[in-house]
Amino acid sequence: MSLNYKHLRYFWMVARTGTIARAAEQLHLTPQSISGQLTEFAETLGVELFRRAGRTLELTEAGTRVLSYADTIFRTGDELIEALHDESVHATRFLVGCADSVSKMVASQVLTPALALDEPVRLVCREGRLATLLGELAVHRLDLIIADRPMPQHLSVRGFSHLLGESVLKIFGAPALRERLKGPFPQCLDKMPMLLPGEDFATRPRVLKWLEEHGVRPRIVGEFDDSAMMKTFGQAGAGLFFAPGVLADYICKQYQVEQFGEAGDVVDQVYAITTERRLSHPATVAISQEARKHLFKA
């Protein structure tokens, strides 16, 4: 048995309009013609597609399943027509995975140069855990990963880590918290409410080590896998938080917080992970060059 797509379209139109008469108007056919085609289609499939419900037709369970497939088939056809008339489809697709531990603002600044190339690029960004993204890179579903750490050594994935740059971490908080800081920095952070990044963040163990080395024991009130949510809690005065110094102006303006100091030699790093030992993709080269020149203190 082969599927008759003309019959499928007649069925699809009747299912969408609710009556054979309305479908006939849309298709510029007679109701008798469509009714006969529907009967033939149902007999070919060996199932009942509709049942009468007053003056309209109601889908059976089998009809509902057929409609689901028909929707997909004809939606894909419409997308094909659009694609053939869309000049942007001729742009090279540049598939990027962003580890969810990388600041969205940092990722956007890093990737923007890819959109300024002479040859048009269609940027496709996917976010996820680094291990998942590395799996996608291994089967060539990604061209590049933006991460906050180099590729883990224990994974059997062929890839190379390229440091784009690093930025010293600074401490931010709501203005109301400043009056609670007593003594010199960083000892004044002792017993202060603190917001920490989640365990997937490469900066987390560095921050904890820095606090321990300075004898600072803050009161940890929250841990966040989403850095934007952490900053939002910081804006509300829930606690102090660490963030890349390169974003200081943006963070202070966007979240109405103040900068209280910096964590010395504790840095937030950004890496490009690719399957290339030497960068050659034009978009990746542009990203690397701009990041090292303008965005970070490498």
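Helices here are DSSP runs of at least four residues, numbered from the N terminus. The model is a predicted one, and its protein chain is assigned two domains: domain 1 covers 5-85 and domain 2 covers 91-297. Their C-alpha centres sit 51 Å apart.

Start with the pockets. The largest comes out at about 220 Å³. Helix 3 does the most for its lining, giving five residues. Helix 3 spans 31-45, and strand 1, at 50-53, likewise supplies at least two lining residues. Among the residues around this pocket are Ile20, Ser35, Leu38, Thr39, Ala42 and Glu43, along with Val47, Phe50, Arg52 and Leu57. By character, the lining of the largest pocket splits into seven nonpolar, two polar and three charged residues.

The second largest pocket has a volume of about 180 Å³. Twelve residues line it, and those nearest its centre are Arg129, Leu130, Ala131, Arg149 and Asp200. Here the split is five nonpolar, two polar and five charged.

Then there is Thr284, which belongs to helix 10, a run from 282 to 295. Thr284 counts as buried because its relative accessibility is 3%, and the cut-off for buried is under 20%. Leaving aside residues up to four places away in sequence, Thr284 touches Phe94, Leu144, Thr274 and Leu279.

How values were computed
Residues are numbered from 1 along each chain as its sequence is written. This is a predicted model: local features need pLDDT of at least 70, side-chain atom pairs count only at pLDDT 80 or more; totals for chains, interfaces and linings use all residues. Side-chain values use heavy atoms; hydrogens and water are left out. Domain bounds come from an automatic or database domain assignment. Buried means under 20% relative accessible area, exposed over 50%, partly exposed in between (1.4 Å probe, protein chains only). Contact means heavy atoms within 4.5 Å. On a 1 Å grid over the protein atoms alone, a cavity is a set of points where a 1.4 Å probe fits but cannot get out, and a pocket is an open set with protein on both sides within 12 Å along at least five of seven lines; lining residues have an atom within 4 Å of a point. Grid points are joined across faces, edges and corners, and a volume is the space filled by probe spheres set on the points. Ala, Val, Leu, Ile, Met, Phe, Trp, Tyr, Cys and Pro count as nonpolar, Asp, Glu, Lys and Arg as charged, and the others, Gly among them, as polar.
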